[in-house]
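Below are some comments on the model you sent round, set out as numbered points. They begin with a single residue and then turn to the ligand and its surroundings.

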Amino acid sequence: MNAVVVRATPESVPQLVASATSLFAEDGGQRDPWMDLTWPHREGPAYYSDLVRQSDSLCLLALSPTGSAIGHLIGRIRRADPLRPGAVAGVLESMRVESEHRATGVGTALADEFFAWARESGANQVSVTAYAANESALSFYRGRGFTPFEVTLHAPL
Ligand SMILES: CC(C)(COP(=O)(O)OP(=O)(O)OC[C@H]1O[C@@H](n2cnc3c(N)ncnc32)[C@H](O)[C@@H]1OP(=O)(O)O)[C@@H](O)C(=O)NCCC(=O)NCCS
């Protein structure tokens, strides 16, 4: 892998927004007719500016040797609640690697950093949600130890 994984800073929020915009277009935009593809552009700057400052959030960027962003990962901690009192979950909210840098280990490096952060933050499990049709992401997650737990079913009306 010819990349380095760093924590995003307030100054790198535009790179997070750009990667999230591409993820929306490639993933939700192809698989969910209701997805608002304008959300990252409209709400992303404020949303990610807030996240990079929160201790319960992880905002990672993968940088190429020239310093350009070639991937991102967002993680959150979901604290125990009355329904699941023992569960503290590290939630992998989103991740993406630029297509020309895929299958070189960048996604694995991002995920490894997320696992370490989740453990250090007190999580005792990790979770991620992906579209059932996103077979390459599901394959990637299975390879990182994730297995199906709940399944959400949809039907058109
Ligand atoms: C999913 C994604 C982040 C993986 O990143 P990556 O940098 O390609 O991952 P790696 O190079 O670390 O690959 C790790 C493993 O995943 C496998 N993998 C990666 N892309 C794959 C694909 N398209 N199909 C099948 N397996 C794939 C690799 O073969 C490798 O397997 P191994 O561990 O058995 O060797 C990347 O493909 C991506 O950005 N996809 C588009 C955005 C997306 O769908 N994000 C997830 C939304 S839930």
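1. Is A111 buried or exposed? The model is a predicted one, and in it A111, a residue of helix α4, has a relative accessibility of 1%, so it counts as buried, the cut-off being under 20%. For anyone checking the fold around this position, the C-alpha atom of A111 is separated by 13 Å from that of R7, although the two residues are 104 apart along the chain.

2. The ligand has 22 residues around it, and those that come nearest are V97, G105, G107, T108 and N134. Sorted by class, this shell consists of nine nonpolar, eight polar and five charged residues. At least two residues of the shell are supplied by each of α1 (13-26), β4 (89-97), α4 (106-120) and α5 (135-143), and the largest share, five residues, belongs to α5.

3. Three polar approaches to oxygen atoms of the ligand deserve a look in the viewer. A backbone N or O atom of G105 is placed 2.7 Å from a ligand oxygen, and a polar backbone atom of G107 lies 2.8 Å from an oxygen atom of the ligand. In the case of R144 the side chain is involved, with one of its polar atoms 2.9 Å from an oxygen atom of the ligand. As for coverage, the ligand taken alone exposes 920 Å², of which the protein buries 70%.

4. Helix α1, which is among the elements that supply at least two residues of the ligand shell, can be checked for its length. Its 14 residues should span 20 Å at 1.5 Å a residue, and because the C-alpha atoms at its ends are 20 Å apart, the expected and modelled values agree. The buried residues of α1 include V13, L16, V17, S19, A20, L23 and F24. These residues cover an arc of only 170 degrees around the axis, and therefore they lie on the same side of α1.

5. D27 is found in the loop between α1 and α2 (28-31), and with a relative accessible area of 15% it is buried, since the limit is under 20%. Its side chain makes a polar contact of 2.5 Å with the side chain of R31, and another, at 3.2 Å, with the side chain of N134. N134 is also one of the residues that come nearest to the ligand, so that a reader who follows the contacts of D27 is led back to the ligand shell.

6. In strand β4, S94 may be examined in a similar way. S94 has a relative accessibility of 12% and so counts as buried, and its side chain is joined to that of H72 by a polar contact of 2.9 Å.

7. Which residue has a positive phi although it is not a glycine? The residue is A103, with a phi of about 60 degrees, and it lies in the loop between β4 and α4. Most residues other than glycine have a negative phi, which is why such a value is worth a second look. A103 is exposed, because its relative accessible area of 87% is over 50%.

Key
Residues numbered from 1 in each chain as written. Predicted model: local features only at pLDDT ≥ 70, side-chain atom pairs only at ≥ 80, totals over all residues. Heavy atoms only, no water. Near = heavy atom within 4 Å. Polar contact = N/O pair within 3.5 Å; in protein donor to acceptor, adjacent residues only side chain to side chain. Areas by Shrake-Rupley, 256 points an atom, 1.4 Å probe, with all protein chains shown as cover. Helix = DSSP H or I, 4+ residues; strand = E, 2+ residues; numbered from the N terminus. Nonpolar A, V, L, I, M, F, W, Y, C, P; charged D, E, K, R; others polar. Expected span 1.5 Å × (residues − 1). Buried < 20%, exposed > 50% of the residue type's maximum accessible area, 1.4 Å probe, protein only. Arc of directions from axis to C-beta.
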